[in-house]
Amino acid sequence: MTKKDQKDVVIIGAGPGGYAAAFRAADLGLKVTLIDPEANPGGSCLYYGCVPVKALLELLEMKEEAAKAEEWGLNFGDPEIDTKTLVEWKNKVVNELTEGIGLLSKERKIEYIQGKASFVSDKELEIKTNKGELSTLKFKKAIIATGSIPKELPDFPFDHKRVIDSTDALELKEVPPNMLVIGGGYIGPELGSVYNSLGSKVSLVEKTSRFLSWVDPDLVEVFEKENKGLFEELFFETSVEKVSIEKEKVKVALKNKDREWENEYDLVLVAIGREPHTRYLNLDKTGMETDEKGFIKVDEKLKTSRENIYAIGDVTQRPLFANKATHEGRNVAEAIAGKNGADYNPKAIPSIVATTRTEIAWCGLMETEAKDEGVDIKVVKFPWSASGRASSMGLSNGLTKLILEAASGKVLGGGVVGKNAGSLISEITMAIEMAATAKDMALTIHPHPTLSETIMEAAELFIGSTTHLPGR
Amino acid sequence: MTKTDNKEIVIIGAGPGGYAAAFRAADLGLKVTLIDPEANPGGVCLYRGCIPSKTFLHVIKVKQETAKAGQWGVQFKEPKVDVARINDWKNKVVNKLTKGLGQLSKGRNIDYIRGMAQFVSEKKIEVEKKEGEKITIEFQKAIIATGSTATALPNIKFDHEVIIDSTDALELKEIPQNMLVIGGGYIGLELGSVYASLGCKVSIAEMTSGFLPGTDRDLIAVFEKENEALFEALYFETKVEKVSVEKGKAKVSLKNGEGKLEKEFEKVLVAVGRKPNSASLHMEKANIKIDENGFIIVDHKRKTSAENIYAIGDMTGEPLLAHKATHEGRIAAEVIAGEAGAAYDPKAIPGIVFTNPEIAWCGLTEKQAEEKGRKIKVVKFPWTASGRAASAGTSNGLTKLIIDPETGRILGGGVAGKNAGVLIPQISLAIEMAATAKDIVLTIHPHPTLSETIMEAAELFSGSATHLPGT
C-alpha cells in the first residue's frame, strides 16, 4: 500500500462495456481511471472472443464458398491451410484493434492501470498491478465491468491442454484428429466449425434437443440442416457424465435416455456457458447484492444496491453480449455525467451465431416466448427459396421470419437463418425500436436484388400477399 | 384481327414492376391479363439485368476474395475458369427464377399472353402474339410496365458482335483479350468488373470526371482505392467520337482536353444509360402524355393523363431500378383495387452498385443537399475503426449519414466497402420511419458487425463515438 488518491470515476474492466463507458465519460468531461489486466483495452471480446472468432470464420468461410464455386465455373481445388499464418493473422487483427483502442484511451487522457482491482469498501479499491505493486484508490463513482469467464464442468476443471475453454481453442495450438465440443449454444457451433474447417473431426454433445435451445425451433432446424456436414456426430439430449484423461486422450462418458457409453477424443472443448467474473472483486466488502447465480443486481440506470457503484455488461444479467455491454457502458457514463434521460431500456437485443457455412440471428420477442407469455401474435415467414438474391448466391435453405403483434402489426421480434443472415438483423432491431409495423416495412423500398427483400416480403404477408410466394 | 375481349385489368410488360402489379391485383381479387414477349415473367431484371449480373458478380467475388486469403493463411490456387460453366450457372439461376414466377402467375390464375402490345385507343390494345396471331383486347384498366432498353450512342450502332450492349455482355460467350466500356455508371462498373476479373483488359471511357456521376465522391474513392489495378485504362472527361468495326475489331476515336486518341479493342460495351421502352406502344393513341425524355407523366397514384391507364417502373422515370418498379407495381394494383391510402410516396430509394467493394446509398446525398442549398450535417465513420471490418480484412470502407442539423433526422446515407449494400436497408428504414441520429444510437446493434458503423456514425452527431477519437 503506497499511494492514495481519490478518483472521479473508476471503471473496473476494459472490455467493450468498460472502455465504451470510459470513453463516453471522458468525452463528457469526467476524469476517468480504467483498470484491466491486459496491456490495452479490449477485454474478452477483442482478445479471446467475438473478434478473433469472426476473423477465423470469415476466412474459413471462403473455403466453403470456393468448394461451391466449382458448380459455378471456378475450380480451385483444395486450399492449403497454414495454421501458423492463420494464427498470426488473427493475432495481428487483435493486436491492431486493441492497440488502436489503447491509443483512443490515451488521447482521451484516461488513466489506464494495468492490473486487477478488488473492493476494500464501497469507496475504496485495492489495486494489484501486473508488476505486483499494491496500492489503494478512493473513488466517488465506480463502474464494474469485469465481464464473464467460461464455466467449468462441475467435476472436471479445465486443464487447458486436453480439456480446454474457448480462449484456449482460439490459440489453435493444435488441430487434433478428433475433438468433442460440449455445448450447442453460442460458442460450440462457431468454434466447432472452425476446427472442422481446419481438418478435425468434430463431434458435439448438447443437453437439450437441439442447438440454441432458446431460439425458435423453425430457425434452428434450418441452422442444423445447413451445418450437418460439419459435424462427425451430434449427440442431442445427451449429458456428459464423466471426463478423464488417459494417455493423452480424453475419455468421455456420455448418457442419453437409451444408453450410456464412452468415447475417446484428442481434445474436448467445454462451451457450456459463461459466469460472471466477480471472483476477485470482494463484492461482499461493499455490501452489494447479487442474484443466486452471482450476477450483480442493477436498476434501470444500471446502479447497484450501492448508490455510487454501477455495473454493466456480462456481470449484470443475460444476455452476455458485447453489444449490450457497450450500450450499457455509454448509458452509465451519461447517467454519471448527469445527462437527462439516459436509461437502459432496449426493446430488442440482436444476437448472431455463425459457422463457416451459415448464420442464425434473432432479436426481440421469439415466437416460443410469445406463446409462453400469452402475447397475441402473428408470425410471418419468407423462405429464401423464393428469393432471387439467394438463388444468385447459390443459397436456398434460408428463412426470414417476423413476429408481429396480431392486432396492430407492430414488429415485436424477428429471426433470420441462412448465409449472411446476420446482416439482416440490424434492420429488424431498428424496426422494433422505432415501433414500426409490418406496413412500414412493406412500404420501405428495399434494394433489389438483396436478402433484405425477404424482410419486406415477410412483412407483406401480414397485409395480404407477397409477390414471390403463392397468392391466397 | 380475330377476337375481341374485355378485360378488367391488362398489364403490359412482366418485369419486376409488371408481375408485382399483376400478382398483387390478382390477390386483391381482380382478373388480370399480363402481356410480355418472354415465356415467363421476369423482364430485363431477371433475364438480362440484375439477376444474371449479380450471379456473375458473386462468382467473381469468390475469385477476388480467395486471391487475398493466402496472406492470411488459406492459400487457394488460381482457379481454373470455365466460362461456359459460369454462363450455364447463370442460365440455371435465371431459368429457375423465371419458371418459378411463371408458376406463381399460373397459381394466381393470371391470363399470361406471350406477345407484344400496342395501344389502339384508351380502351383497346392490339397484341401480336409470339406465334404471330394478332388479337385486340378491350380493357377497363391498364398498367404500362414495359421498362427500358439500353441507349445507343448517336453515331454508334450496336452490331451485337463487336459493339455490344449489357444484354450481349451478359451472354458471356467468351472473354475477349480487351474491351472498352463506354460509360462509368453502375452497369459499366459492374460488367467491367466481371470481365476484368475474368482476365479481360478492360478500359472505361466516361464523359464526366469520375465514376457514377451524382454519387458522393468519398464513396467512389473507396472503390477506386481498392481497384487501382482492376482496369487497364480509365478515360474520364472523354468523349467517344467514333467507333468503326474493321476486320472484326473496333477502332475507337476518343477525345478529351488533351486531344484525340485512336484505340483498338476487341469489344466495345456501350453502357451509357437506358431509355423508356415505348417505341412500339403507340401511346399517343391512348392520349398518354410523356415528358421531354420520353418518360410517362404520372401522379402519386401512378395514374397517367389517361384516367384508366397507369404506368410504373422505368417508364415513369428515374431512378430506373427494379425495386422502385416493384413498389410502384404493388401501389398501382392497390389503387386500382380501391385500397384506401395507396400512393407512391417513398422518402428513400436505395441504390447499390454490386462491385467489390460495393457502393450504396439512399435518400438525400451530400451532393443533392448542396445543389438544393439544404443545410445538413454529415457524419462519417471510417471502417478502419471497425472491429468487424478488421476481422474481415477489409478496413477500406466508409459509412456516412446525412442528417438534418436542427432535428437530427436522418435524411440520407451512403456506404462503400465490402458487402456495403447490406447496410443500406436499415438506413432506408430509418429515413422512412423519421428516425433521428439518437434513435439509431439507442438501437443496440449486433457486435461485431458492419452495422455498428451506422450506429457509431450516428453517435458522432450527438457527441462522440466509441471507436473514434473523442471530441
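At what angle do the axes of helix α3 and helix α6 of chain A cross? Keep that in mind while you load things up; this is a predicted model, and the tour starts with chain A on its own.

**Stop 1: chain A as a whole**

Select chain A and colour by secondary structure. You should find 13 helices and 23 strands. The C-alpha trace spans about 75 × 60 × 45 Å along its principal axes. For 472 residues, a compact globule would have a radius of gyration near 23 Å, and the 24 Å of chain A agrees with that.

**Stop 2: the helix crossing in chain A**

Now pick residues 50-68 and 187-198 of chain A, which are α3(A) and α6(A). Here is the answer to the opening question: their axes come within 10 Å and cross at roughly 45 degrees. That angle makes α3(A) oblique to α6(A). Turn the view until one helix lies in front of the other, and you are looking at a left-handed crossing.

Show side chains next. From α3(A), bring up A:V53, A:L56, A:L57, A:L60 and A:K63; from α6(A), bring up A:E190, A:L191, A:V194 and A:S197, which they meet. Sorted by class, this contact has six nonpolar, one polar and two charged residues.

**Stop 3: a three-stranded sheet in chain A**

Move on to residues 239-246 and 249-255 of chain A, strands β13(A) and β14(A). The two strands run antiparallel and share seven bridges. To get your register, find A:V243 and look across to its bridge partner A:V252 in β14(A). The two strands form a hairpin with two residues between them, and A:K247 in the turn has a positive phi of about 45 degrees.

Follow the chain into β15(A), residues 260-265. This strand pairs with β14(A), again in the antiparallel sense, over six bridges. Two pairs are handy markers: A:A253 is opposite A:E262, and A:L254 is opposite A:W261. β14(A) and β15(A) form a hairpin too, with four residues between them.

Put the strands together and you have an open antiparallel sheet in the order β13-β14-β15. β13 and β15 of chain A are the edges; each has a single partner strand, so one side of each is left without a neighbour in the sheet. From one strand to the next, the twist averages 20 degrees.

**Stop 4: where the chains meet**

Switch chain B on. How many residues of chain B are in contact with chain A? There are 79, and they touch 83 residues of chain A. Several elements of chain B each supply at least two residues to its side of the interface, including α1 (16-27), α4 (83-107), α8 (322-336) and α11 (424-432). The largest share, 11 residues, comes from α3(B). By class, the chain B side has 39 nonpolar, 25 polar and 15 charged residues.

Zoom in on α3(A) and α3(B). The helices pack at an angle of about 135 degrees, with their axes 10 Å apart. α3(A) and α3(B) are therefore oblique to each other, and their crossing is left-handed. On the chain A side, select A:L59, A:M62, A:E65 and A:A66; on the chain B side, B:V62, B:E65, B:T66 and B:A69. The class count for this contact is five nonpolar, one polar and two charged residues.

There is strand pairing between the chains as well. Select residues 80-81 of chain A, strand β4, and you will see two bridges joining this strand to β3(B), with the two running antiparallel. One of the pairs to click on is A:E80 with its bridge partner B:Q75.

**Stop 5: a five-stranded sheet in chain B**

Last, hide chain A. In chain B, look for an open sheet of five strands in the order β19-β20-β23-β22-β21, with antiparallel pairing. The edge strands are β19 (351-353) and β21 (377-382), each pairing on one side only. The average twist is 10 degrees from one strand to the next.

At the β19(B) end, three bridges connect β19(B) to β20(B), residues 358-363; B:I352 has B:A360 as its bridge partner. Then add residues 217-226 of chain B: this is helix α7, which packs on the sheet and touches β20, β22 and β23 of chain B. Look along β23(B) and compare directions: that of α7(B) makes about 15 degrees with that of the strand.

Conventions
Residues numbered from 1 in each chain as written. Chains lettered and ligands numbered in written order. Predicted model: local features only at pLDDT ≥ 70, side-chain atom pairs only at ≥ 80, totals over all residues. Contact = placed C-beta atoms within 7 Å. Nonpolar A, V, L, I, M, F, W, Y, C, P; charged D, E, K, R; others polar. Pairing = 2+ DSSP bridges. Axes fitted to C-alpha atoms, helices over the stretch in contact; angles between N-to-C directions. Parallel < 35°, antiparallel > 145°, perpendicular 65-115°, else oblique. Left-handed = near helix turned anticlockwise from the far one by under 90°. Rg over C-alpha atoms; globule rule 2.2 N^0.38 Å.
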